[in-house]
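Subject: Structure handover

Hello,

Here is the structure I promised to pass on to you. Please have it open while you read, as my notes follow below.

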Amino acid sequence: MKSSAKRRVVAEPAPAAPVAVPGPVEDEDAPQSSVIDAALYRDGRRVSTPSTLAEAYAQLRQEPGAMAWIGLYRPSEPELVSLAKEFDLHPLALEDAIQAHQRPKLERYGETLFVVLRAARYLDAPEEVDFAELHIFVGPGFVLTVRHGSAPDLSTVRRRMESSPELLKLGPEAVLYAILDTVVDGYAPVVAGVENDIDESEIQVFGGDPQVSRRIYELSQEVLEFQRATRPLAPMLEALTAGFAKYRTDEELQRNLRDVQDHVLHTIERVDVFRQSLSDMLTVNATLVAQQQNAEMKALTEASFEQNEEIKRISSWAAILFAPTLVGTIYGMNFTHMPELTWEFGYPFAIFLMAVVCGGLYVIFKRRGWL
């Protein structure tokens, strides 16, 4: 358990201008390139692997009826403009893809679907949640994926689809549902990691850790960002479900989408519980801190009271002892002309006076509770 670990929500860095290089594998450790993997499929099987966008356009024109699946990582604006011209992408969707930093959404522009997803992954070492943005264009005979972060690893989606030609043969919609499924499944380890962090924070709260308030706040920010990534998915999937009959969606894809929808709803419920738990935890921590402060103030008050009582006792005895000292000082000055010096009862009177003053002071202080 790392109770004092620094936490933060990791945002994807600003897009850099990539350099187009060939690359057959779409993994998160790939170099800063635009085209990570591009392929043409016919009947669910790869028939071509172009290495550049221009090559992909040319081969797609030579393969009527084929489906192009092009994966890009932080493409430059000219490359996105080139894709928009080739596949007739809507200007608004193109603008969103260029600017990035969009909330999850689903937009339909004619026959083209534009989908924005927020993928997430849990980083164990720093105990952080890394969010990344993914844009997907789905149209007749093409799927374009534009990643603006390291997650998700779309190479697994491609391998999964290529290993199931019957599923891939269903077309671009099958690829979209597979990507949705991968992104949503990626939320499960994040949920587990955040839940573990919340459990650790709960232990810290009742353990009196002074750093727990900061950790609860940072966890709350992660959960809030998680809600922003997952909540819009529910209406998005409902919109896709509503179009089953209109667009004659294959029954297998319908079942897959309903499964994804169930996972999304489950994740949303868990995240809502996390936010409520953190809110309750913050309230409990504030109460415990207040109780601790009250206990400390009470202890300080009691110590101050005891100190005051001691000061009263010391002051009372000092006053009692000061009275005979004062009388003795006066009569010890050895002046020649002092009436009491020749008086027969002068000494007894002085002793009596000392005793009366001391006794009177003692009675007064005793009644006041100072002694």
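In helix α6, the buried residues are P172, A174, V175, L176, Y177, A178, I179, L180, D181, V183 and V184. That makes 11 of the 14 residues in α6, so the helix is mostly covered. Please keep in mind that this is a predicted model. The length of α6, which runs over residues 172-185, also works out: at 1.5 Å a residue it should span 20 Å, and its end C-alpha atoms are indeed 20 Å apart.

Two of the residues in α6 deserve a longer look. I179 is one of the residues that touch the most other members of the largest nonpolar core, along with L117, I136, M161 and L180. That core holds 59 residues. Setting aside neighbours within four places in sequence, I179 is in contact with L117, L134, I136, T145, L154 and V157. Another core of 25 residues lies apart from this one, with A38, Y57, L94 and F114 among its members. As a general point, nonpolar side chains in soluble globular proteins tend to be buried together.

The other residue is D181, whose side chain meets that of R160 in a salt bridge, at 3.1 Å from N to O. Since D181 sits in helix α6 and R160 in helix α4, the pair ties together parts that are 21 residues apart in sequence. D181 is buried, at a relative accessible area of 12%, whereas R160 is partly exposed, at 33%.

There are 18 salt bridges in the whole structure, and here are a few more. E127 pairs with R215, with their closest N and O atoms 3.1 Å apart. E127 lies in the loop between β6 and β7 and R215 in helix α8 (residues 212-230), so this pair ties together parts that are 88 residues apart in sequence. Both E127 and R215 are buried. D37 and R46 also form a salt bridge, at 3.4 Å from N to O. Here D37 is buried, with a relative accessible area of 2%, while R46 is partly exposed, with 29%. D37 and R46 belong to a network of salt bridges that also links R158 and E162.

Next, have a look at helix α3 (residues 91-99). Which of its residues are buried? They are A93, L94, D96 and A97. Viewed down the axis of α3, these buried residues fall within an arc of 160°, so they line one face of the helix. Among the elements that cover them are α2 (77-87), β5 (105-109), β6 (112-123) and β7 (128-139). Right after α3 comes A100, which has a positive phi, near 60°.

A97 leads on to a residue elsewhere in the chain: its backbone oxygen lies 3.2 Å from a polar atom of the H148 side chain. H148 is in the loop between β8 (142-147) and α4 (154-162), and it counts as buried, at 3% relative accessibility.

One last spot to visit is G193, in helix α7 (residues 187-207). G193 is buried, with a relative accessible area of 9%. Its C-alpha atom is separated by 8.5 Å from that of L123, a residue 70 places away along the chain.

Happy exploring, and do write back with any questions!

Best wishes

Key:
Residues are numbered from 1 along each chain as its sequence is written. This is a predicted model: local features need pLDDT of at least 70, side-chain atom pairs count only at pLDDT 80 or more; totals for chains, interfaces and linings use all residues. Side-chain values use heavy atoms; hydrogens and water are left out. Helices (H or I, at least four residues) and strands (E, at least two) are DSSP runs, numbered from the N terminus. The expected span of a helix is 1.5 Å times one less than its number of residues. Buried means under 20% relative accessible area, exposed over 50%, partly exposed in between (1.4 Å probe, protein chains only). The arc is that of the directions from the helix axis to the C-beta atoms. Contact means heavy atoms within 4.5 Å. A polar contact is a pair of N or O atoms within 3.5 Å; within protein, one must be able to donate a hydrogen and the other to accept it, and residues adjacent in sequence count only if both atoms are side-chain atoms. A nonpolar core is a set of buried Ala, Val, Leu, Ile, Met, Phe, Trp, Tyr and Cys residues joined through side-chain atoms within 4.5 Å. A salt bridge is a side-chain nitrogen of Lys or Arg within 4 Å of a carboxyl oxygen of Asp or Glu.
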